[in-house]
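I opened the notebook to look up a few local and overall features of this model. The entries below follow the order in which I went through them.

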Amino acid sequence: EELGSDWYIYESTEPTARDDLFPEAIPECHPTISPRLYHTVMAPISLAVILALSFLVKRRRLRRSCWNGVPGLPSPMDLLDAGGSRPVAAASFSLLFSSLCQLLLQPEPLPLVSPASPGARELWKILALLYYPVFYFPLLGCAGPRHRLGYAGGTLLAWGHCGAQLALRLHVPVCPQLHPLYPALSHVPSLLSLALLSLWYPALLIRSLSRGNAPEPQIPGKSYYKRYLKAVLSRRGQQGSSAKIEESLWCRIRSYLSSYIYIPEEGFQIPLMLVVSVTMAVIAVYQVSLLLLLAVVPALRVVRAGLSRDVVLLLVQFGLVPSARPALPGDLEQELGTARSYLWALEVCYICSLALCCLLTCTMLLRTLAMHRSNLRALYQGSVLDVFSQARILRPSREAVVCWIGFSGFQAAFACLGLLIQQVIFFLCSVAFTFLVVIPLQSGTSSLLFRILRNMWPFWLTLVVAVLLQHLLARFQFLEQHSLQKELTNRRALYIVTFLLFPINVLVGVLAGVWRVVISGLYNAVHLCRLDISLLHRGVETFDPGYHSYCHYLKVEVSQCHPLLKAFCCLLLQPGQTEPPAPPRDTNLEEGLQLMHPKPPAAGKARLRRLRARWFVAYTLLRNPSLTASRKTALANPAANGAQLGVPSP
């Protein structure tokens, strides 16, 4: 009867220290600005702004006499343009993704409507997936027209959203999910995005007003294209020495570690959609890690604080907690302290594994940026086989467009799944290492792992000796050094050793197979967030949906955003320089001088200009062979165009 009264850990009668960070009860409050009121006010304002912008952006295709053209839905911005407003795009996508992350735990997924039953809540979640993009679309659409009215509307919306979100976050949540700090911490990316938009749109508006009546630049990324062209033309081929320079071990380690750090380079700019996708992946890592941290660590602390002697007695009887006198209950103070130290070790293992997973995922994302730059640079130069395993035509297709649309979503989803899988693997590994190695060594007791190693030491010794023997025989008996290469020798002894050591090699192969499974699982879990590499063999890499999407994404980016092609278009759109008027002819010259043949203009200058232009074209095509398909002669003959690029696979 006494055991049953204090069975639950939350009913412990022992005095425990209250943790102010994790209170037991949270009083309800009713904020002045509820989420429903926030959406009820901001949704009509967003609709009014988007309608005003629709009349600002005219489509002069139908009925030009009506309203000076047909109003059209404003484009968010040119996501394929290098000169787009990167902060606005990244902040808008971040705000949308952070809002979608709240749908998992919100009792009312659609703020405007309350679900009548739990079954209807799933339907409202599907509708919320369509509502939030429409709700936040005006924040991104105001930057599309590149007009001061759009910037003014963006400023109004950003300030309204930011003020309402701050008012909501300053109030205590009505029904906190998981933990009192979760609603506030989960909205940090949203608040940062809104703060950035609240500062960026006024800056764009002030710059537009300071320009006066001058029109906006026709090509936003014109300066970047010129910088890229200048960097390509000024690049000189480096003469590599024939003698190989031996690097020290520290230099090799430093160069390997520096390859995982993305350092911006002059004359090259990461495409806008890559910036958006990496930003979404970082926010996904933050949201998932926050959810994992606040869902488990407070629960472990509550369990550790509410641990009673009755629960410890049960753990001692099951053998989970060591005891000097397991048959005599007596005083369990030592066992109680041991059980609490075990729970504290679990908490430390969980937090350390989560920190390691976040660090590895962010490192992989930085490595992804470096590989994106390398692959784009190679494709700009026409080196298709340096990126893909087989030749491909760098043209947009139906599948390529679909993959380009979903690339940023794939990157965020793969980052979430990769972090979850890594957390499970590293937490289990850290717990096994702690309870099988660290704690037994600290307490001086024998664990299951040590007993297995002690009982099976002849087996492990046999395997080690067999492997060492094979290496020594291969080094000193079965290889003979000749002038240029090594050759096999003592072949009869080699055949005998192969037959005699076959049973032992089977056991070694079992251990090698287990290690292969472990190392391949760890490698795939760590690299799951990277879409620039395939986790499958090159022959079946098309079955990897992440890498398949990345390959088609590169097709669209290279075919539509080639910097040299854009730079050439910018040069064509430049207004021609007006030549100065010719000086007036002197009519008072003598007749003899007028009859003399005038000196012909220097034809050499025009010829030099033509030669210089042709050499520039030849140099550009030499460094960027993929532009050959965009020349006039190649476009006029599609068959020749395909023949120049080879016969790629679909």
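**Entries on a serine and a cavity**

I looked up the side chain of Ser-198 and found that it reaches the backbone oxygen of Ala-158 at 3.3 Å, a polar contact being a pair of N or O atoms within 3.5 Å, where one must be able to donate a hydrogen and the other to accept it, and where residues adjacent in sequence count only if both atoms are side-chain atoms. This is a predicted model, in which local features need pLDDT of at least 70 and side-chain atom pairs count only at pLDDT 80 or more, while totals for chains, interfaces and linings use all residues. Residues are numbered from 1 along each chain as its sequence is written, and side-chain values use heavy atoms, with hydrogens and water left out.

I placed Ser-198 in helix H7, residues 188-211, helices being DSSP runs of H or I with at least four residues, and strands runs of E with at least two, numbered from the N terminus. Ser-198 has a relative accessible area of 9%, so I noted it as buried (under 20%; exposed is over 50% and partly exposed in between, with a 1.4 Å probe and protein chains only). Leaving out residues up to four places away in sequence, I found that Ser-198 touches Ala-158, Trp-159 and Cys-162, contact meaning heavy atoms within 4.5 Å.

For the protein chain I recorded 24 helices and four strands, and of its 650 residues 34% count as buried. Among contacts between residues at least 6 apart in sequence, 75% join residues at least 24 apart.
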